[in-house]
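Grab a pencil and work through a few exercises on the model shown here. Each one sets a task and then walks through a solution.

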Amino acid sequence: MRPYVLLSLVLGIGFFVGERYWHLPWITKEWRILIAFFLSVSVITSRLHAFGYHRTDRIFALMPLVATVLRLVLSMVFFGLMLYRGVPDRNLFVITFLVLYLCYLGFEIILSRRNLRRNS
């Protein structure tokens, strides 16, 4: 859980500095909500991975798949609700959402590979 909090802090500081001091037009106003959402989804999926790593039966292989599907479904529901609610700049929101999704997904893959190497 700690690596996800650190990643969220680094991203949050980067967005804050970019919005506050450089007035970058490509930073969406909903970046705080997006980072909080991705942090919470990452914590949930990391708990599912940890639950699967400590089991020896079929759940060991099933939990990473469940975590990936859960991440995808929660992201689609959140994305749809935010667009339905009416964000001011939809294109900017979509791009920021996809970039953060890929950042957190890549970070999860890196952490999973590190744990797999250590356990093998």
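Contact means heavy atoms within 4.5 Å. Keep that in mind, and remember that this is a predicted model.

**Exercise 1. Get the overall picture: how many helices and strands are there, and what pattern do they follow along the sequence?**

Step 1: The protein has 4 helices and 0 strands.

Step 2: Reading along the sequence gives the pattern α-α-α-α.

Step 3: For the dimensions, the C-alpha trace spans about 50 × 30 × 15 Å along its principal axes.

Step 4: Of the 120 residues, 34% are buried. The protein exposes about 8000 Å², with 71% of that supplied by carbon and sulfur atoms.

Step 5: Now use the contact definition. Take the contacts between residues at least 6 apart in sequence: 66% of them join residues at least 24 apart.

**Exercise 2. Check the span of helix H2 against its number of residues, then list its buried residues.**

Step 1: H2 runs over residues 31-53.

Step 2: Its 23 residues, at 1.5 Å a residue, should span 33 Å. The end C-alpha atoms are 32 Å apart, which agrees.

Step 3: The buried residues of H2 are Trp31, Leu34, Ile35, Phe37, Phe38, Val41, Ser42, Thr45, Ser46, His49 and Gly52.

Step 4: To read that list, recall that an α-helix has 3.6 residues a turn, so residues three or four places apart point the same way.

**Exercise 3. Find the salt bridges, and say which helices they link and whether their residues are buried or exposed.**

Step 1: The count comes to 2 salt bridges.

Step 2: One of them joins the side chains of Arg32 and Glu19, at 3.3 Å from N to O. Arg32 sits in helix H2 and Glu19 in helix H1 (residues 2-20), 13 residues apart, so this pair links distant parts of the chain.

Step 3: Sort the two partners by accessibility. Arg32 has 46% relative accessibility and so counts as partly exposed, while Glu19, at 19%, is buried. Buried means under 20%, so Glu19 makes the cut-off.

Step 4: Arg71 and Glu108 meet in a salt bridge at 2.3 Å, N to O. Here the link is between helix H3 (residues 59-85), home of Arg71, and helix H4 (residues 90-119), home of Glu108, across 37 residues. Both Arg71 and Glu108 are buried.

**Exercise 4. Count the aromatic pairs, then work out the geometry of Phe38 with Tyr101 and of Phe79 with Phe97.**

Step 1: A search of the whole structure turns up 13 aromatic pairs.

Step 2: For Phe38 and Tyr101, the ring centres are 6.2 Å apart and the planes stand at 65°, so the pair is edge-to-face. Phe38 belongs to helix H2 and Tyr101 to helix H4, 63 residues apart.

Step 3: Are these two buried or exposed? Phe38 is buried at 0% relative accessibility, and Tyr101 is buried at 16%.

Step 4: Phe79 and Phe97 form a tilted pair, 4.9 Å centre to centre with 40° between the planes. Phe79 lies in helix H3 and Phe97 in helix H4, so the pair ties together parts 18 residues apart in sequence.

Step 5: Phe79 counts as partly exposed at 22% relative accessibility, whereas Phe97 is buried at 5%.

Step 6: Zoom out, and both pairs fall into one aromatic cluster made of Phe37, Phe38, Phe78, Phe79, Phe93, Phe97, Tyr101 and Tyr104.

**Exercise 5. Tour helix H3 by way of Ile59, Leu62 and Ser75: where is each one buried or exposed, and what is around it?**

Step 1: Start with Ile59, found in helix H3. Its relative accessibility of 22% makes Ile59 partly exposed. Leaving aside neighbours within four places in sequence, Ile59 is in contact with Phe51 and Gly52. Gly52 is among the buried residues of H2 from Exercise 2.

Step 2: Leu62 also lies in helix H3 and is partly exposed at 42%. Leu62 joins Leu65, Val66, Val69, Val73, Val77 and Leu81 in a nonpolar surface patch, with about 590 Å² of accessible area together.

Step 3: Ser75, placed in helix H3, is buried at 4% relative accessible area. Outside its neighbours within four places in sequence, Ser75 is in contact with Phe37, Phe38, Phe97 and Tyr101. Those four residues all appear in the aromatic cluster of Exercise 4.

Methods:
Residues numbered from 1 in each chain as written. Predicted model: local features only at pLDDT ≥ 70, side-chain atom pairs only at ≥ 80, totals over all residues. Heavy atoms only, no water. Salt bridge = Lys/Arg side-chain N within 4 Å of Asp/Glu carboxyl O. Helix = DSSP H or I, 4+ residues; strand = E, 2+ residues; numbered from the N terminus. Buried < 20%, exposed > 50% of the residue type's maximum accessible area, 1.4 Å probe, protein only. Expected span 1.5 Å × (residues − 1). Patch = residues over 30% accessible without salt bridge, like charges linked within 9 Å, V, L, I, M, F, W, Y side chains within 5 Å. Areas by Shrake-Rupley, 256 points an atom, 1.4 Å probe, with all protein chains shown as cover. Phe/Tyr/Trp six-rings, centres within 6.5 Å; stacked < 30°, edge-to-face > 60°.
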